[in-house]
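Here are some friendly notes to read alongside the sequence and the fold. Please keep the structure open while you go through them.

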Amino acid sequence: MVLAGQAALVTGANSGIGKAVALGLGASGADVVVNYVTNPESAEEVAHRIEASGRRALAIKADVSREEDVQAMFAKAINHFGTLHICVNNAGLQRDAPLLDMTLKQWNEVISVNLTGQFLCAREAVREFKTRGVVREVSAAAGKLVFMSSVHQEIPWAGHVNYAASKGGVMQLMRSIAQEVAPLAIRANAIAPGAIRTPINKSAWETPAAYKELMTLVPYKRIGEPEDIAQAVAWLVSDAADYVTGATFFVDGGMTLFPGFTTGG
Ligand code: NAD
């Protein structure tokens, strides 16, 4: 219950990693805003599960790439919970195509959700954190931001240039925000997941052949589960990590350890 008395907002919280993060923050004692853009039933289910564990939860529909949606969501969340202490910018998507076939629409959609969406939510969160300031009995920091990046902030990804560019952008967005808001006692960090079992990458793990192929990229020889990411987020936003800001936490079973060099090179 290290997050008791705190309110968290998680974007894209009705599926995959975001869902596990929302449930994990609830299990650590936080009240949770469950953001979604499609499938309200699954968002309500996540909210009900958090409420069943004794915390408060609120599902709010907002497209994170739309400024008016994001501002309305934060206004509603702050009105409901009084304030917010934690913002997890998790919503993301892929629109894959080889470079020569990639349309401007595919490029713009990925940048708008994965990068602009994280900027819009971080800005609203920092406005609230700054207005309230530190309340020592609740947390050592005025607020905590977590940006969901990817190993592809580091690893180039042919056929996915929009996605890799968005995550490279997230890294510098997070680091620059961390530098700017540290004097306000606000912490900003990123998580860079490797291959995690969610709908976004189903084709990479759903058949035994695909899973075997995936494992050639993972030295630790298992796929990550959404809960692996949720545990890392829960620690990063707790006071146990109070001196951690501007960091990217790789949770990837060693995917960034150049696995191709395991047997020579
Ligand atoms: P997912 O498809 O299960 O979840 C993505 C969530 O984002 C969904 O809830 C979706 O509705 C939401 N979303 C999409 N567009 C949105 C919008 N405009 N506004 C609000 N919400 C929107 O996939 P996931 O794997 O859980 O992905 C979560 C995050 O983790 C993404 O940022 C993704 O890039 C990142 N990530 C995932 C993996 C992986 O292996 N699964 C690896 C690295 C990074």
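The points below go through the cores, the aromatic pairs, the salt bridges, a surface patch and one loop residue.

1. Please keep in mind that this is a predicted model. The values below are computed from it.

2. Let's begin with the interior. The largest nonpolar core has 36 residues. Within this core, the residues with the most contacts are Phe74, Leu84, Leu145, Phe147 and Ile177. Two or more residues each come from strand S1 (7–10), strand S3 (57–61), helix H3 (67–81), helix H4 (104–132), strand S5 (143–148), H5 and strand S6 (186–193). H4 gives the largest share, with 8 residues.

3. What does Leu145 touch, once residues up to four places away in sequence are set aside? The partners are Cys87, Ala122, Ala125, Val126, Phe129, Ile177, Arg187, Ala188 and Asn189. One of them, Ile177, is also listed with Leu145 among the residues with the most contacts inside the largest core.

4. There is a second, separate core too, made of 33 residues. Its members include Ile50, Val146, Leu236 and Val237.

5. Now the aromatic rings. The whole structure holds 3 aromatic pairs. In one of them, Trp157 and Tyr163 meet edge-to-face, at 5.6 Å centre to centre and with 70° between the planes. Are these two rings buried or exposed? Trp157 is partly exposed, since its relative accessible area is 27%, whereas Tyr163 has 9% relative accessibility and so counts as buried.

6. Trp235 and Phe249 are a further pair, with ring centres 5.9 Å apart. Their planes lie at 75°, so this pair is edge-to-face as well. Trp235 sits in helix H7 (residues 226–236) and Phe249 in strand S7 (residues 248–251), so that the pair links distant parts of the chain, 14 residues apart. Both rings are partly exposed, with relative accessible areas of 38% for Trp235 and 33% for Phe249.

7. On to charges. Side chains of opposite charge can pair when their charged atoms come close. The count here comes to 11 salt bridges. Glu67, Arg123, Glu124 and Arg127 are linked in a network of them. Glu124 bridges to Arg123, with the closest N and O atoms 3.7 Å apart, and to Arg127, where that separation is 2.7 Å. Arg127 and Glu124 are separated by about one helical turn, because they lie 3 residues apart in helix H4.

8. How accessible are the members of that network? Glu124 counts as buried because its relative accessibility is 11%. Arg123, at 23%, counts as partly exposed, and so does Arg127, at 42%.

9. Another salt bridge joins Arg222 and Asp228, whose closest N and O atoms are 2.9 Å apart. Both ends are partly exposed, with relative accessibility of 37% for Arg222 and 25% for Asp228.

10. At the surface, Leu99, Leu100, Leu104, Trp107 and Val161 make a nonpolar patch of about 550 Å². Val161 belongs to helix H5 (residues 161–181). With 31% relative accessibility, Val161 counts as partly exposed.

11. Finally, a loop residue: Asn201 lies between S6 and helix H6 (208–215). Although in a loop, Asn201 counts as buried because its relative accessibility is 16%. Leaving out residues up to four places away in sequence, Asn201 touches Ala195 and Ile196.

Key:
Residues are numbered from 1 along each chain as its sequence is written. This is a predicted model: local features need pLDDT of at least 70, side-chain atom pairs count only at pLDDT 80 or more; totals for chains, interfaces and linings use all residues. Side-chain values use heavy atoms; hydrogens and water are left out. Patches are made of residues with over 30% relative accessible area and no salt bridge: like charges are joined within 9 Å, nonpolar side chains (Val, Leu, Ile, Met, Phe, Trp, Tyr) within 5 Å. Accessible areas come from the Shrake-Rupley method with a 1.4 Å probe; for residues, only the protein chains shown count as cover. A salt bridge is a side-chain nitrogen of Lys or Arg within 4 Å of a carboxyl oxygen of Asp or Glu. Helices (H or I, at least four residues) and strands (E, at least two) are DSSP runs, numbered from the N terminus. Buried means under 20% relative accessible area, exposed over 50%, partly exposed in between (1.4 Å probe, protein chains only). A nonpolar core is a set of buried Ala, Val, Leu, Ile, Met, Phe, Trp, Tyr and Cys residues joined through side-chain atoms within 4.5 Å. Contact means heavy atoms within 4.5 Å. Rings of Phe, Tyr and Trp (its six-membered ring) pair if their centres lie within 6.5 Å; planes under 30 degrees apart count as stacked, over 60 as edge-to-face and the rest as tilted.
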